[in-house]
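Trainee: Could we go through this model together, with the reasoning behind each label spelled out?

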Amino acid sequence: MRVKISKETANDVLNLALDTLRIGKQALIFAGTKQGAEKTAEEISKKAKTNDAELDKLSLQVLQSLSKPTKQCERLASCVKKGIAFHHSGLTHQQRAAVETGFREGKIRIICSTPTLAAGLDLPAYRSIIRDLKRYGNYGMDWIPVLEYLQMSGRAGRPKFDTEGQAIAFAGNDSDEIYKRYILGKPESIHSKLAVEPVLRTALLSLISTKFITTQNAIMDFFSKTFWAHQYGDMKNLGLTVSKILRQLEEWGFITSMEEFRSALDEDEKINATAIGKRVSELYLDPLTAHHLIQCMQKTETDETFPYLQMISSTLEMRPALRAGTRDHDNIQELLTKNEGKLLIEEPSPFDDEYGEFINSMKTAWFFQEWIEEKDEDYLLEKFRVRPGEIHSKLEIADWLLYSAIELGRMLLLRNTCRQLMKLRLRVKYGAKEELMQLLKLKGIGRARARRLFSHGIKDLAGIRKEGVQKLSEIVGSKIAEDIKKQAG
DNA sequence: GGACGGTGAAACTTCAGGTTGCCTC
DNA sequence: GAAGTTTCACCGTCC
């Protein structure tokens with residue numbers, strides 16, 4: 001089928017989008033990066049001539065999803081005003097929901113998105129436009145998986161409304177390659193061998209700790225019957241990986257064999273989870289991460305925050321860590337010097353493979369440090385290029401890791417460290433300095449109000465009791481003033 | 001003559017996603 | 001590897 005599109009601008013993605021608007025249909029546009037998605041949405045919205053009171057309402061909703069709108073919020077809001085939106089992991093939950101329902105209801109005509117929408121959500125459109133078929137990966141720029149292409153093009157056509165759908169991919173100079181790869185090519189198998197180890201580690205420990213499996217033979221037997229082994233194909237290799245992981249788990253003290261003097265695990269030997277191994281499994285923690293946390297905590301008992309932030313920032317769970325660019329170089333060097341001798345993970349040689357990952361984890365830790373120093377989201381967006389939604393997801397992971405670390409620390413009787421970590425967890429949760437801790441215990445008081453109270457000299461519950469409702473009302477509003485007065489007793 | 005502003009090309013920077021736990025001093 | 005962003009030199013205009 002041939003479709004003629006008028007060449008209104010030099011940008012064909014833009015032309016296609018404008019054409020979609022003209023024929024009164026909806027489109028999803030897939031871009032390779034968040035920046036790319038935002039950019040295309042913005043370009044289209046500048047050319048779109050939509051005007052609608054409903055959209056104004058939606059736009060306002062998007063803008064006010066945070067107490068203080070960031071530049072990203074403003075950008076999205078101005079797009080939505082024109083019936084265009086972008087969608088990626090850096091959006092807040094409310095924003096995502098607003099964009100999705102807005103599209104389902106037909107108010108939003110075009111969404112420019114990263115592959116988020118293709119995988120998880122059922123959001124069909126008349127046109128599915130794939131702008132980028134290449135993406136930056138571990139080995140430079142590379143083709144996206146066939147599976148992903150199918151998922152994106154599969155969004156075209158809405159079964160209930162359209163009799164047809166169009167999936168359009170932008171080819172550039174590689175149309176032959178694209179035809180071979182994506183139209184004729186087979187999707188790759190679901191499991192990749194590289195991703196196996198963390199999952200296998202967690203699964204193994206869980207099987208052992210629930211006493212579902214007690215010998216290595218039984219383990220191999222179990223895995224040979226799973227679909228997973230079928231996918232993995234090579235049982236011999238899987239066997240080697242399994243015994244390697246078992247040895248690691250033993251070394252880390254998460255499992256024991258009955259005859260402890262034997263260094264290697266015998267195949268019929270009984271295997272049990274240790275108390276701490278059991279807890280690790282209950283926490284759904286990757287044993288490697290658990291081991292890392294334990295080692296770090298046993299190394300120090302500091303009352304500084306940065307070492308612990310570095311500890312949680314250098315886990316697999318926290319990946320992808322924030323990328324450190326050249327403009328961060330000086331700041332990170334300064335951090336390294338300032339924390340010399342206190343870091344829980346030593347700086348590797350710059351020639352080491354891990355060096356880049358180390359620097360990234362330093363940047364992530366630094367980001368958390370700034371967060372608990374009460375820097376606002378706009379500042380963080382500017383300085384770290386972290387979007388609001390990402391801030392939340394990183395904080396959630398941080399909270400979970402800190403919780404896990406506290407649990408493990410408690411079992412290891414690291415009382416002092418646990419106390420520090422509990423304080424830190426609260427600060428990470430609220431993004432506040434330690435001096436606000438007392439006030440944050442109150443319901444309805446977050447870091448913003450706590451800071452306002454504090455700067456008026458009200459520093460704790462006693463301070464609230466002393467102050468009159470009138471004065472409190474001026475600071476935090478009358479409803480909350482009454483409420484916290486009640487809470488303070 | 002100098003402040004200001006627009007333009008374009010070169011240099012530089014950055015690059016997807018999302019599941020896990022919960023009362024504990 | 002390539003899109004997006006920043007920087008900077010260059011030119012023209014207005015006062």
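**Reading the labels**

Mentor: Let us begin with the nucleic acid: DNA strand C is surrounded by Gln35, Lys39, Arg131, Tyr136 and Met141, and sugar and phosphate make up 45% of the atoms of this strand that come within 4 Å of the protein. Please keep in mind throughout that this is a predicted model.

Trainee: What makes the pair formed by Arg131 and a phosphate oxygen of DNA strand C a polar contact?

Mentor: A polar side-chain atom of Arg131 lies 2.9 Å from that phosphate oxygen. The cut-off for a pair of N or O atoms is 3.5 Å, so a pair within that limit is called a polar contact.

Trainee: How are the residues of the surface near DNA strand C divided by class?

Mentor: That surface has 2 nonpolar, 1 polar and 2 charged residues. Tyr and Met count as nonpolar and Lys and Arg as charged.

Trainee: Which residues come nearest to DNA strand B?

Mentor: Lys34, Ser89, Tyr403, Met422 and Arg425 come nearest, out of 27 residues around DNA strand B; of the atoms of this strand that come within 4 Å of the protein, sugar and phosphate account for 50%. By class, the surface near DNA strand B divides into 6 nonpolar, 9 polar and 12 charged residues.

Trainee: Which elements each supply at least two residues of that surface near DNA strand B?

Mentor: They are β5 (134-137), α19 and α20 (415-430), and the largest share, 7 residues, comes from α19.

Trainee: How do you know that Thr114, Tyr284 and Ser393 make polar contacts with DNA strand B?

Mentor: Each is set against the 3.5 Å limit. An N or O atom in the side chain of Thr114 is 3.1 Å from a phosphate oxygen of DNA strand B, whereas a polar side-chain atom of Ser393 lies 3.3 Å from a base oxygen of that strand. For Tyr284 the atom is a backbone N or O, and it lies 3.4 Å from a base oxygen of DNA strand B.

Trainee: Why is Ser404 called buried?

Mentor: Ser404 has 0% relative accessibility, and buried means under 20%, so Ser404 counts as buried. Ser404 lies in helix α19 (residues 388-411) and, leaving aside its neighbours within four places in sequence, is in contact with Leu283 and Leu285.

Trainee: Turning to the sheet, in what order do its strands lie?

Mentor: The 5 strands form an open sheet in the order β2-β3-β1-β4-β7, and the pairing is parallel. β2 (84-87) and β7 (166-169) stand at the edges with a single partner strand each, so one side of each is left without a neighbour in the sheet. On average, neighbouring strands of this sheet are turned by 15 degrees against each other, direction ignored.

Trainee: What makes β1 and β3 count as paired strands?

Mentor: At least two bridges are needed for a pair, and 4 bridges join β1 (residues 27-30) to β3 (residues 110-113), so these two parallel strands count as paired. Leu28 has Ile111 as its bridge partner in β3, while Phe30 stands opposite Ser113 in β3. Helix α2 (residues 34-47) packs on the sheet and touches β1, β2 and β3, its direction making about 180 degrees with that of β2. Helix α5 (residues 93-104) also packs on the sheet, touching β1, β2 and β3, and its direction makes about 135 degrees with that of β2.

Trainee: Which other strand pairs with β1, and over how many bridges?

Mentor: β1 and β4 (residues 127-130) pair in the parallel sense over 4 bridges, with Arg127 in β4 as the bridge partner of Ala27. Likewise, 4 bridges join β2 to β3, which run parallel, and Ala85 stands opposite Ile111 in β3.

Trainee: How do you know that both faces of β3 are covered?

Mentor: Ile110 and Cys112 on one side and Ile111 and Ser113 on the other are all buried. In β1, Ala27 and Ile29 point one way and Leu28 and Phe30 the other way, and all are buried.

Trainee: What share of chain A as a whole counts as buried?

Mentor: Of its 489 residues, 46% count as buried, and the secondary structure of chain A comes to 25 helices and 9 strands.

Note on methods. Residues numbered from 1 in each chain as written. Chains lettered and ligands numbered in written order. Predicted model: local features only at pLDDT ≥ 70, side-chain atom pairs only at ≥ 80, totals over all residues. Heavy atoms only, no water. Near = heavy atom within 4 Å. Polar contact = N/O pair within 3.5 Å; in protein donor to acceptor, adjacent residues only side chain to side chain. Axes fitted to C-alpha atoms, helices over the stretch in contact; angles between N-to-C directions. Contact = heavy atoms within 4.5 Å. Buried < 20%, exposed > 50% of the residue type's maximum accessible area, 1.4 Å probe, protein only.
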